[in-house]
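Work through three short exercises on packing. Try each task before reading its solution.

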Amino acid sequence: MTTLRRKLLRDLWHHRGPGAAVALVVACGITSFVVTRSAYHSILLSRDDYYARYRFADVFVSAKRVPDALFKKVAAIPGVAAAEARVVVEVALDVPGLAEPATGRLVSIPDSSPPALNRFLVRRGRAPEPGRRDEVLVSEAFASANRLSVGDRVGAVLNGRWESLRIVGIALSPEYVYEIRGAGSILPDNRRFGVLWMSREAVGSAFDMEGGFNDVALTLAPGASEPAVIDALDRLFDRYGSLGAYGRADQVSNAFLDNELTELRTEGWIVPAIFLGVAVFLLHVVVTRLVHTQRDQVAILKALGYGNRAIGAHYLEFVLAMTAAGAVVGVGAGVWLGSALTRVYTLYFRFPMLRYDVGAAPLLLSVAGCFAAAALGALGAVRNAVALQPAEAMRPEPPARFRAGALERIGLGRVLRPEIRMMLRNLLRRPVRLTLSVVGVALAVAILVLGRYFWDMVHVVLDNHFNAVERQEATVGFTNPVSGRAAHEISRLPGVIASEVYRVVPVRLRSEQRSKRTALLGLDASADLRRVVDRRRRAVALPPEGLVLSARLAKTLGVAPGDRLTVEVLEGERPVRSVAIASLVDELLGVNAYMELGALHRLLQEEGALSGAYLTSDPRASERLYAVLKRTPAVAGTALQKSMIRSFEDTIAQLLGTFTAVLVGLASVIALAIVYNGARIALSERGRELASLRVLGFARREVATILLGEQAIITALAIPLGCAMGFGACALLSALYETDLMRMPLVVEPRSYVFSALTVGAATFLSGLVVVRRVARLDLVAVLKTRE
């Protein structure tokens with residue numbers, strides 16, 4: 001073994017504390033990258049595999065009732081590879097053990113063969129037999145949430161008739177990976193919404209759909225133009241009450257899945273980049289101070305004939321050894337945590353099998369990125385070692401030129417105790433070192449704030465949605481628009497305290513070459529249960545005329561208040577109108593368009609038709625209210641706010657909690673490493689000075705106070721700076737993440753700042769205990785002899 005190699009091993013052992021801290025920071029950076037990228041990679045692979053195996057459709061269109069003869073024209077549209085006609089209807093369900101009414105989406109399946117598209121996977125039981133009107137296949141999420149099994153029965157209102165349906169199988173479908181009712185919902189409620197598959201013959205006879213269909217799914221041939229196929233479908237279905245064809249990107253389940261993947265991809269770059277930035281900074285500090293304390297050794301090596309390249313390579317190897325240790329730990333921890341996080345996703349993304357696949361690229365990229373970051377962090381220190389001249393380096397470092405500082409000039413030094421004066425002088429006379437130390441600890445605070453941001457952000461979004469926007473207890477939707485008399489009948493239901501009606505119509509908004517398919521929601525101008533609010537939770541009054549658009553929708557269409565939009569109504573007579581934009585509202589969820597209820601009725605030229613109502617009710621009368629809603633034929637479904645919140649707590653909160661816990665755990669480790677490293681390096685640099693104080697009669701407690709006091713001041717200065725830096729990182733993430741489904745509000749709760757400050761404070765305290773122990777064990781003779 002060469003001399004430099006033995007020196008390397010000794011240096012690594014002697015600096016095992018700071019080295020371990022650096023390795024931990026590197027490990028955390030790699031872990032965060034592997035966790036997020038592997039989860040993203042695994043879900044992406046599982047989704048693509050699932051979609052391909054079970055032939056998930058590319059384009060969808062729904063209508064009122066289309067004759068079977070038209071299906072041949074659909075299949076003949078240029079670019080259509082395969083198509084399937086279905087009957088899809090929503091029905092009210094009475095589920096055993098569930099007091100509230102549930103909603104079932106009934107999907108027909110061919111009698112003679114398996115579905116050509118959107119095939120289902122039967123997990124248990126079997127598919128319904130042709131023509132058996134009482135047999136259904138139930139989605140797994142709905143069955144699990146309600147503890148339903150093969151052989152159980154559920155009640156349903158089929159076209160106004162009460163039926164008892166027997167469950168013959170439990171299934172999954174690529175069309176419902178994220179089983180949510182519609183674009184207006186943001187959370188799955190698996191207890192109160194589920195998918196049921198029934199034989200085509202049975203559905204047709206129950207809903208008078210013999211010889212017709214109301215839904216088509218199709219796949220595109222390679223190279224086919226999706227917009228062209230959608231235009232052809234719209235022309236074909238125009239006279240049959242089509243709601244407008246749409247591509248896979250707008251399919252609700254797929255849109256939520258894409259949104260989650262976008263979020264993971266964004267976090268998979270930003271968070272590890274911040275962690276690696278901290279690692280670069282820490283490596284720079286460690287190696288710089290190591291070279292500084294070993295300047296006499298560098299001089300001796302150069303005097304003995306070692307060249308600049310050999311010495312530079314020696315310190316670079318020192319850095320890479322610490323990085324390699326961190327990379328090994330980081331990859332192992334990343335794979336383990338990534339696998340656990342991916343399993344949690346199965347709670348609300350229903351795949352036949354969620355395959356965990358790290359992928360070679362993320363591993364190689366993270367390790368290569370860490371080694372590049374380590375080399376970058378050590379570059380300056382290595383250059384200093386190479387530039388040292390032997391004759392200069394062999395001389396003891398000249399003492400710093402101290403002058404009277406602010407402390408002495410204002411006379412404060414005379415009234416302070418000696419150890420406090422020494423502590424303050426040491427900090428103030430090395431402003432660059434003080435700044436670097438403060439920035440290092442501030443980075444630890446910043447990444448803790450960032451780790452807590454996700455939890456704060458989601459709670460603000462949900463609090464805004466459920467307490468400021470949708471303040472009703474229940475939302476009742478009708479199977480078809482009903483007359484305005486329904487408002488009076490709804491208000492007379494058992495236990496109803498307040499009710500507000502609404503009208504919603506599917507529309508396509510056009511502005512020049514841009515268009516967006518969405519829903520236009522009509523609300524009463526004085527609506528108090530379902531309100532339109534901005535990001536600051538301020539209610540926005542709907543004007544008597546004109547559209548109110550979400551800012552995201554206006555940005556998509558490239559319009560501003562005062563502009564006019566073409567509104568193509570995708571329902572009824574399908575009128576096309578030109579409407580002015582009255583104002584914009586900056587919402588957090590969705591891309592929404594609103595009109596005052598009367599103005600919408602005038603736009604549609606209808607006499608007060610209604611799509612549903614928002615209710616608040618007396619809890620003591622809930623059972624009677626739910627019993628009536630279950631058996632009312634006109635009611636397609638009822639959504640309960642408290643149920644959705646409970647669903648969040650049962651599913652998404654666990655996923656988000658796991659993800660946040662991983663981030664906060666990694667950030668805490670980095671915080672501890674940075675603070676401990678600072679204290680250990682300070683002790684290493686000032687060992688001779690502290691030993692001299694001990695020889696001069698200072699007690700151990702006084703010597704420890706000097707060292708720990710400096711760390712305490714550094715931490716106190718770093719906490720506010722770190723909070724500001726963390727807020728800046730959250731602002732960057734908030735600016736980069738914006739989808740049609742959700743925008744990330746820039747909100748960091750005070751408790752997150754307190755948590756970050758307390759965590760770093762605890763890390764400082766624990767590091768202090770280690771340093772105090774080392775001060776107590778200082779070998780005074782050995783330390784004082786080092787320069788001789």
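The exercises below concern a predicted model.

**Exercise 1. Describe the largest nonpolar core: which residues touch the most other members, and which helix gives the most to it?**

Solution.
- Start with the membership. The largest nonpolar core holds 84 residues.
- Find the best-connected members. Y315 and I670 touch the most other members.
- Look for the main contributor. Helix α14, residues 431-469, gives the most to this core, with 18 residues.
- Now take I670. Beyond four places in sequence, I670 touches V25, C28, F275, V278 and I447.
- Check for another core. A second, separate core has 28 residues, including I43, Y50, L117 and Y246.

**Exercise 2. Place S617: which strand holds it, and is it buried or exposed?**

Solution.
- Locate the residue. S617 lies in strand β19, which spans residues 610-617.
- Apply the cut-off. Buried means under 20% relative accessible area. S617 has 7%, so it is buried.
- List the contacts. Leaving out residues up to four places away in sequence, S617 touches E473, G495, V496, I497, S622 and L625.

**Exercise 3. Do the same for V569, then find how far its C-alpha atom is from that of Y178.**

Solution.
- Locate the residue. V569 sits in strand β16, residues 564-569.
- Classify it. The relative accessible area of V569 is 3%, so V569 is buried.
- List the contacts. Neighbours within four places in sequence aside, V569 contacts P506, V507, R574, P575 and L604.
- Finish with the distance. V569 and Y178 are 391 residues apart along the chain, and their C-alpha atoms are separated by 28 Å.

Technical notes. Residues numbered from 1 in each chain as written. Predicted model: local features only at pLDDT ≥ 70, side-chain atom pairs only at ≥ 80, totals over all residues. Heavy atoms only, no water. Core = buried A, V, L, I, M, F, W, Y, C linked by side-chain atoms within 4.5 Å. Buried < 20%, exposed > 50% of the residue type's maximum accessible area, 1.4 Å probe, protein only. Helix = DSSP H or I, 4+ residues; strand = E, 2+ residues; numbered from the N terminus. Contact = heavy atoms within 4.5 Å.
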